[in-house]
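Good morning. Please have the sequence and the structure open while I talk, and stop me if you lose the place.

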Amino acid sequence: MLDENVPEDVKRRVAPGLFRLALESAAQQVFYAKQHRAGESRLATEERWSAVHKTRNMIALAVHQNSERDLSQWLGFRTERFPTLHIANAGTHNGADRPIT
């Protein structure tokens, strides 16, 4: 968010929701692709995806094929993953707690 005409408070309120949408969309694409390669039906894939409601669980479903699996190891592979997930989750509800650059 490099546009200097957008006030910082707007960036802090809007950016987390955009991050969340991007994370959930990427997770869905990964999950659907894995399900397709495994021979799962589109209907079964959509039902599994629709049953998950939290971003963290959607990512776990995409990464591990299990929405309840721990993401600690996955989050630790790249330093930007944890803060991005934090901003996308907490920031969507409360606004970002740090500047969005």
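**Salt bridges, helices and one odd loop residue**

I start with a pair of charged side chains: glutamate 46 and arginine 42 form a salt bridge, and their closest N and O atoms are 2.9 Å apart. Both residues belong to helix 2, which covers residues 42–50, and since they are four residues apart there, about one helical turn separates them. Glutamate 46 has a relative accessible area of 28%, so it counts as partly exposed. Arginine 42 is at 59%, and that makes it exposed.

Before I go on, a caution: this is a predicted model.

Now the overall picture. How many helices and strands are there in the protein chain? There are five helices and zero strands. Along the sequence the pattern reads α-α-α-α-α. The chain has 101 residues, and buried residues make up 29% of them. Its exposed surface is about 6800 Å², with carbon and sulfur atoms supplying 53% of that area. As for contacts, take those in the chain with a separation of 6 or more: 52% of them are between residues 24 or more positions apart.

Next, helix 1. It runs over residues 8–37, which is 30 residues. From its first C-alpha to its last it reaches 43 Å, close to the 44 Å expected at 1.5 Å a residue. Even so, there is a bend of about 30 degrees in helix 1 at valine 14. A proline, proline 16, follows within four residues of that point.

Stay with valine 14 for a moment. Is valine 14 buried, partly exposed or exposed? Its relative accessibility is 40%, so it counts as partly exposed. Valine 14 also takes part in a nonpolar surface patch of about 350 Å², together with Leu18, Phe19 and Leu21.

Helix 1 has buried residues too, and they are Lys11, Ala15, Pro16, Arg20, Glu24, Ala27, Phe31 and Gln35. Note that Lys11, Arg20 and Glu24 are on that list. Just after the helix, glycine 39 takes a positive phi of about 85 degrees.

Back to salt bridges. A search of the whole structure finds three. You have heard about the one between glutamate 46 and arginine 42. Another joins the side chains of aspartate 9 and arginine 13, at 3.6 Å from N to O. These two are four residues apart in helix 1, so about one helical turn lies between them. Aspartate 9 is partly exposed, because its relative accessible area is 44%. Arginine 13 is at 53% relative accessibility and so counts as exposed, the cut-off being over 50%.

The remaining pair is glutamate 24 and arginine 20, whose side chains meet in a salt bridge at 3.3 Å, N to O. Here, too, the two residues lie in helix 1, four residues apart, about one turn of the helix. Are glutamate 24 and arginine 20 buried or exposed? Both are buried.

Now helix 3, residues 55–64. Why is helix 3 described as largely enclosed by the rest of the structure? Because seven of its 10 residues are buried. Those seven are Thr55, Asn57, Met58, Ile59, Ala60, Leu61 and Ala62.

Take asparagine 57 as an example from helix 3. At 18% relative accessibility it counts as buried, since the cut-off is under 20%. What is asparagine 57 in contact with, leaving aside its neighbours within four places in sequence? The answer is Val52, Ser67 and Glu68. There is also a C-alpha distance to give: asparagine 57 and arginine 69 are 12 residues apart along the chain, and their C-alpha atoms are separated by 7.9 Å.

My last stop is glutamine 65, just after helix 3. This residue is found in the loop between helix 3 and helix 4, and helix 4 covers 72–76. Phi of glutamine 65 is near 65 degrees, which is a positive value in a residue other than glycine. With a relative accessible area of 26%, glutamine 65 is partly exposed.

To recap, the chain has five helices and zero strands, and the whole structure contains three salt bridges. Helix 1 bends at valine 14, while helix 3 is largely enclosed by the rest of the structure. That is all I have.

Notes
Residues numbered from 1 in each chain as written. Predicted model: local features only at pLDDT ≥ 70, side-chain atom pairs only at ≥ 80, totals over all residues. Heavy atoms only, no water. Buried < 20%, exposed > 50% of the residue type's maximum accessible area, 1.4 Å probe, protein only. Contact = heavy atoms within 4.5 Å. Areas by Shrake-Rupley, 256 points an atom, 1.4 Å probe, with all protein chains shown as cover. Expected span 1.5 Å × (residues − 1). Bend = angle between axes of the 7 residues up to and from the residue. Patch = residues over 30% accessible without salt bridge, like charges linked within 9 Å, V, L, I, M, F, W, Y side chains within 5 Å. Salt bridge = Lys/Arg side-chain N within 4 Å of Asp/Glu carboxyl O.
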